[in-house]
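This briefing describes selected side-chain features of the structure shown below. The points are grouped by topic for reference at the bench.

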Amino acid sequence: MRWINKIPERPAAILLAALPFLAIFLAYAIASDIRLEANPQDKLLPAPSTIVETAQRLFTEPDRRSKEILLWNDTLASLGRLTAGVGIAATLSLAIGLAVGLLPYARSTLSSVIAVLSMVPPLALLPILFIVFGLGETSKIVLIVIGITPFMTRDLAQRVLEIPHEQIVKAQTLGASSAVIAICVALPQVLPRLISNVRLSLGSAWLFLIAAEAVASNVGLGYRIFLVRRYLAMDVILTYVMWITLLAFLIDWLLKNLSRRAFPWMEAGL
């Protein structure tokens, strides 16, 4: 039997999925042990036990001055910005993608400018956004929107163009208007792709958020990471990095399950 046809059973699949993480952990533990043995005061690779102790402290102990648990404050601030930015980007992408995919006039007007905007490096616009919108929440949210909207819009527009033309013709034959075609024919077929696009764009959205928080903010996960780096507090930095990774994984998992429950026909067709 060819390897291409061999599918692992569930226990084997779980074990195979865990192996890379175990390998990373072992590699880090060994490297940390080597460095700490050579220099017990080394801060670059803190011991796993030190990271666990730091994580416990960050999640449970309040700050001495503010009397608040800073990690939770940072998490709420960052998640609020991320949700607002991704939500606005998804809404704009859906509306513009439907228009570009269905309306020839919109396609002729917007296709080129969207393609050009998708080539602009968003982080290069960060100083401009701070000048125009200030150092508050707006500039951070706008950076996320600018960073992921063009890519999502182009993909959604392409998905609309891939809808069989016969469906559009039949809807028009039955008297459907352009708005009805967009809502009843195109929208149900585009929404699963929208969720997939949001999942794929989350990594970029986190990148833009952390970059903006690092430059100008007084609260947030990215702000805290760049604040403690001057003290070489690698245990704090690694805790925050792992927490961000876990948050991103949970959001992706929730979106995946949302798509599976809302569009079971899409899963069945794969």
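## Nonpolar core

The largest nonpolar core has 48 residues, and of these Val 86 and Trp 206 touch the most other members. The model is predicted. The topics that follow are the core, the aromatic pairs, the salt bridges, a surface patch and two loop residues.

- Two or more residues of this core are given by each of α3, α5 (126-133), α6 (137-161), α7 (165-173), α8 (178-215), α9 (221-228) and α10.
- Helix α8 supplies the largest share of the core, 14 residues.
- When neighbours within four places in sequence are left aside, the contacts of Val 86 are Ile 144, Ile 148, Val 198, Leu 202 and Ala 205.

## Aromatic pairs

- Three aromatic pairs are found in a search of the whole structure.
- In one of them, the ring centres of Phe 59 and Trp 243 are 5.0 Å apart; the planes stand at 85°, and the pair is therefore edge-to-face, since an angle over 60 degrees falls in that class.
- Phe 59 belongs to helix α2 (residues 48-60) and Trp 243 to helix α10 (residues 234-262), so this pair ties together parts that lie 184 residues apart in sequence.
- Phe 59 has a relative accessibility of 23% and counts as partly exposed, whereas Trp 243 is buried, with a relative accessible area of 13%.
- Trp 243 also pairs with Trp 72: the ring centres are 5.7 Å apart and the planes are at 85°, so this pair is edge-to-face as well.
- The pair of Trp 72 and Trp 243 links distant parts of the chain, with Trp 72 in helix α3 (residues 70-102) and Trp 243 in helix α10, 171 residues apart.
- Trp 72 is partly exposed, its relative accessible area being 36%.
- One aromatic cluster is formed by Phe 59, Trp 72 and Trp 243.

## Salt bridges

- The whole structure contains five salt bridges according to the search.
- One of them joins the side chains of Arg 81 and Glu 137, at 2.6 Å from N to O.
- Arg 81 lies in helix α3 and Glu 137 in helix α6, so far along the chain that 56 residues separate these linked parts.
- Arg 81 is buried, with a relative accessible area of 2%, while Glu 137 is partly exposed, with a value of 40%.
- Another salt bridge connects Arg 193 with Asp 155, and their closest N and O atoms are 2.7 Å apart.
- This pair also links distant parts of the chain: Arg 193 is in helix α8 and Asp 155 in helix α6, 38 residues apart.
- Arg 193 is partly exposed, with a relative accessible area of 26%, whereas Asp 155, at 19% relative accessibility, counts as buried because the limit for that class is under 20%.
- Arg 199 and Asp 252 form a further salt bridge, in which the closest N and O atoms are 2.9 Å apart.
- Here the linked parts of the chain are helix α8, which holds Arg 199, and helix α10, which holds Asp 252; the two residues are 53 residues apart.
- Arg 199 is partly exposed at a relative accessible area of 27%, and Asp 252 counts as partly exposed at 24% relative accessibility.
- Arg 81, Glu 137 and Glu 213 are joined into one network by salt bridges that share partners.

## Surface patch

- A nonpolar patch on the surface is formed by Leu 246, Phe 249, Leu 250, Trp 253 and Leu 254, which together have about 520 Å² of accessible area.
- Phe 249, one of the patch residues, is located in helix α10 and counts as exposed, at 53% relative accessibility.

## Loop residues with positive phi

- Lys 67 is not a glycine, yet its phi is positive, at about 65°.
- The loop between α2 and α3 contains Lys 67, which is exposed, with a relative accessible area of 64%.
- Leu 232, likewise a residue other than glycine, has a positive phi near 55°.
- The loop between α9 and α10 contains Leu 232, which counts as exposed at 54% relative accessibility.

Conventions. Residues are numbered from 1 along each chain as its sequence is written. This is a predicted model: local features need pLDDT of at least 70, side-chain atom pairs count only at pLDDT 80 or more; totals for chains, interfaces and linings use all residues. Side-chain values use heavy atoms; hydrogens and water are left out. Rings of Phe, Tyr and Trp (its six-membered ring) pair if their centres lie within 6.5 Å; planes under 30 degrees apart count as stacked, over 60 as edge-to-face and the rest as tilted. Helices (H or I, at least four residues) and strands (E, at least two) are DSSP runs, numbered from the N terminus. Buried means under 20% relative accessible area, exposed over 50%, partly exposed in between (1.4 Å probe, protein chains only). Patches are made of residues with over 30% relative accessible area and no salt bridge: like charges are joined within 9 Å, nonpolar side chains (Val, Leu, Ile, Met, Phe, Trp, Tyr) within 5 Å. Accessible areas come from the Shrake-Rupley method with a 1.4 Å probe; for residues, only the protein chains shown count as cover. A salt bridge is a side-chain nitrogen of Lys or Arg within 4 Å of a carboxyl oxygen of Asp or Glu. A nonpolar core is a set of buried Ala, Val, Leu, Ile, Met, Phe, Trp, Tyr and Cys residues joined through side-chain atoms within 4.5 Å. Contact means heavy atoms within 4.5 Å.
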